[in-house]
Amino acid sequence: MFRGKKYQDSIKSYDKQKQYEPGEALEVVVNNSKAKFDETVECHIRLGVDSRHADQQVRGAVVLPNGTGKTVRVLVFARDAKAEEALAAGADIVGAEDIVQRIQKENFFDFDVAVATPDMMGLVGRIGRVLGPKGLMPNPKAGTVTPDVAKAVKELKAGKIEYRLDRTNIVHCPIGKVSFGKDKLLENLTTLTNAIVKAKPAAAKGQYIKSCVVTSTMGPGVKINTSRVSEII
């Protein structure tokens, strides 16, 4: 794969094979950000579990103390008083059958996260086939199916993110922007890894965190010492 000059220069500035301390790794990522925009910093954690087994799934949600740096557009499926609570909490779009019809007929997906009250899930289930593949289906484990829609909206706006295992047993999550600096990124990384460690399935055997890499949108990945990932929590 062809890489540009800025990427090649970044590669030469650190040891690709070395496993860095978490703070050092984030400092390398921040210092090597060459793009003209505020790059997102992501964390990729490979776990010692098998996603093919239901008892080894890792999924949940956590509020990052410094947010993600992204403005999150929140859609809430709710009626009456709950709809009013969602709007008061800062939801961008609130509705019921009208929103379902827009999604079905107009291919409307102008939102980042969908929240629903439990009584709305029968309705939302009608569009599960289109919401699911886009990662937009409300889910109790992620805290997006809840009677307390106001709390859910506020947390999402404050920087709540969902983490989940993919088919290759890796969790991919944003932990902020390059402009946050090393310290704030480290706080977010600590919060995320803490949540993932606590979510370790009882059926998981052997080494739980196999590898951890942090990277910016346009930058190379930097390895973190896996033993230190557990220690920073």
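How many bridges join strand 3 to strand 4, and which way do the two strands run? Three bridges do the job, and strand 3 (residues 74-77) and strand 4 run parallel. Everything below comes from a predicted model, where local features need pLDDT of at least 70, side-chain atom pairs count only at pLDDT 80 or more, and totals for chains, interfaces and linings use all residues. Residues are numbered from 1 along each chain as its sequence is written, and side-chain values use heavy atoms, with hydrogens and water left out.

**View 1. The parallel sheet with three strands.**
Here the strands line up in the order 4-3-5 as an open sheet with parallel pairing. Strands are DSSP runs of E with at least two residues, helices are runs of H or I with at least four, and both are numbered from the N terminus; two strands pair if DSSP finds at least two bridges between them. Strand 4 (93-95) and strand 5 (113-116) are the edges, each pairing on one side only. From one strand to the next, the twist averages 15 degrees. Look for V76, which sits opposite V94 in strand 4. Helix 7 (residues 149-158) packs on this sheet and touches strand 3 and strand 5, a contact being heavy atoms within 4.5 Å. The direction of helix 7 makes about 165 degrees with that of strand 3; angles run from 0 to 180 degrees between N-to-C directions, and axes are lines fitted to C-alpha atoms, for helices over the stretch in contact.

**View 2. A salt bridge between R73 and D112.**
The closest N and O atoms of this pair are 3.1 Å apart. To count as a salt bridge, a side-chain nitrogen of Lys or Arg must lie within 4 Å of a carboxyl oxygen of Asp or Glu. R73 sits in the loop between strand 2 (59-63) and strand 3, while D112 is in the loop between helix 4 (97-106) and strand 5, so the pair links distant parts of the chain, 39 residues apart. By the salt-bridge rule, the count comes to 10.

**View 3. The antiparallel sheet with four strands.**
This open sheet runs in the order 7-1-8-9, with antiparallel pairing. Strand 7 (170-177) and strand 9 (222-223) have a single partner strand each, so one side of each is left without a neighbour in the sheet. Seven bridges hook strand 1 (residues 40-47) to strand 7, with R46 partnering I170. Strand 1 also pairs with strand 8 over seven bridges, and E42 stands opposite T215 there. Strand 8 and strand 9 make a hairpin with five residues between them; V213 has K223 as its bridge partner in strand 9.

**View 4. Helix 2 against helix 8.**
Helix 2 (residues 22-31) and helix 8 (residues 181-198) pack at about 125 degrees, with axes 9 Å apart. That angle makes helix 2 oblique to helix 8: under 35 degrees is roughly parallel, over 145 roughly antiparallel, 65 to 115 roughly perpendicular, and the rest oblique. On the helix 2 side you'll find P22, G23, L26, E27 and V30, which meet G181, K182, L185, L186 and L189 in helix 8. The contact residues divide into six nonpolar, two polar and two charged, where Ala, Val, Leu, Ile, Met, Phe, Trp, Tyr, Cys and Pro count as nonpolar, Asp, Glu, Lys and Arg as charged, and the others, Gly among them, as polar.
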